[in-house]
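User: I have a structure open and would like to go through it step by step. Can we start with what the database record adds?

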Amino acid sequence: MSNSCRHVLLVDDEEQILATSKLALEIGGIREVSMISDSREVVPFLEAHQVSVLVLDLSMPHVSGLELLESVTRDYPQIPIIVVTANDEIATVVECMKLGAFDYLAKPVSPGRLLTSVQKALERCTLSNEITSLKQRLLSDNLEHPAAFAGIVTRNRQMRSMFQYLEVIAGSRQPIIITGETGVGKELVARAVHQLSGSKGEFIALNAAGLDDHMFSDSLFGHKKGAFTGADQAREGLIARAAGGTLFLDEIGDLNELSQLKLLRLLQEREYYPVGSDLTRKSDAHFVLATNRDLQARIAEGKFRNDLYYRLCGHQVQVPPLRERKDDLPLLLDHFIRQEAEALGIPAPGYPKELVDLLETYHFPGNVRELQAMVSDAVPRSKSRTLSQEPFRQAIATDLGQKPQPPQAELKDDASLLKKLEAVWGHFPTLNEAEDLLIGSALAAAKGNQGIAATMLGLKRQTLNMRLKVRREADND
Ligand SMILES: Nc1ncnc2c1ncn2[C@@H]1O[C@H](COP(=O)(O)OP(=O)(O)OP(=O)(O)O)[C@@H](O)[C@H]1O
């Protein structure tokens, strides 16, 4: 299922160059490297093997590099080709680029330059595989591994598209960042990614909120014996426990400057130092990160590193808030009622249809977690086989009561708002007219249910009833 590109083919007539290039790539973590010193063998090799990147020397006997470049770009356009030239003569370079070369390297090629170029080419190859695979999946609308998402209750189209995208990127070695408001289910999504990746190791989570750099480094990277007062024993960090598995770092938008720098190094080089040690360690874990912060806003405030953001945003998924997927409400409600009843050892109560209408009028700032808490509160309080709407109504009314009032002074001075009001009635509305509008809108949103409309308006149902009655009588007079 992986779209990851790994296999590099080195082509050069000098065996010595092949051997040193292979070594440079292997030291850099690229292990699938094949070598060919006779250019006549390249095409048959490509026919028989799946090659991700080709590094091609231009001056070779038999079939020249240029001829190969031309035929490979024509027959295997998906393979990025890095050409190695004896000099960086501009005309040759231009010709190679015109023929579709991905990059060029002038001899003698430094190991670092070779590694960087091959890594970039592998990334491009992975990206293009992902796009192809994503197109196919979106067209077929199928999930290949629905079991990985079994813990996420949803029937929402946007969520399903996100699952399809995750299936495409989960096998990649690039970090994945999951964004979204608090309580939308980011950790559940991270666990699904872990399952999709097929890693044999564990899923290890660390919540970075409130950790200073010392606590962050110590928890994540561990420490050497004697690294600081009280470090009587060496301690392995969570990153070591995540070997061969997934490291899930939550709330990374809260990390301080120094910890961000260490995280960047870890993601980029896969290297870290245990606290007090100057020996680097390597990690092969999958990295999944999450935040409920707006990272671009954090960058603008100078609180998040630009380079770390760009390292992360290649594979980003945004979990939509619950208010944007209200079609999930009935499923989630059923799910949490069943879960709560099971925990209490009682039969799952039913609920009136109007309960979903009530919940649909609410904006759920705490998202799915908030709905779960409402159900946990309501189920034990239900006296009959049917849940009462009252605890839900109270929770919603409490939240609305706690909401900060819109700044009245600003609203009063908002000329466009006043213009809109005047446009509706042709004059500045009277209190009765404004009340009619508010009550009418609430009743429409509540699908005619007066109890729900009353909750939205911050009134008791009886008060709303009375006002409606007064209005009707006034209309009839
Ligand atoms: N689609 C869903 N199906 C079932 N349970 C869900 C779903 N989404 C969220 N939950 C539940 O809601 C709670 C909050 O989910 P989770 O911790 O994954 O949210 P989060 O986005 O990581 O929150 P935070 O940003 O606060 O860490 C959990 O108990 C989780 O099991």
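Analyst: UniProt annotations may be inferred rather than shown by experiment. Keep in mind also that this is a predicted model.

User: Which residue does UniProt list for "modified residue: 4-aspartylphosphate"?

Analyst: The listing comes from an unreviewed UniProt entry. The place concerned is in strand E3, residues 53–57. The residue listed is Asp57.

User: Is aspartate 57 buried or exposed?

Analyst: A residue counts as buried if 20 or more other C-beta atoms lie within 10 Å of its own. Aspartate 57 has 25 other C-beta atoms within 10 Å, so aspartate 57 is buried.

User: Which residues does aspartate 57 touch, not counting those up to four places away in sequence?

Analyst: Two residues are in contact if their C-beta atoms lie within 7 Å. Leaving out residues up to four places away in sequence, the contacts of aspartate 57 are Val11, Asp12, Asp13, Gly65 and Val84.

User: Where does the shell around the ligand lie?

Analyst: The shell draws at least two residues from each of helix H7 (186–197) and helix H15 (367–381). Of the 17 residues around the ligand, those that come nearest are Val153, Gly185, Lys186, Glu187 and Val368. Both domain 2 (141–320) and domain 3 (323–402) give residues to the shell, so it lies between domain 2 and domain 3.

User: How many residues of the shell around the ligand are polar?

Analyst: Glycine counts as polar in this scheme. The shell has 5 nonpolar and 4 charged residues, and its polar residues number 8.

Note on methods: Residues numbered from 1 in each chain as written. Predicted model: local features only at pLDDT ≥ 70, side-chain atom pairs only at ≥ 80, totals over all residues. Near = placed C-beta within 6 Å. Helix = DSSP H or I, 4+ residues; strand = E, 2+ residues; numbered from the N terminus. Domains from an automatic or database assignment. Buried ≥ 20, exposed ≤ 12 C-beta atoms within 10 Å, placed from the backbone.
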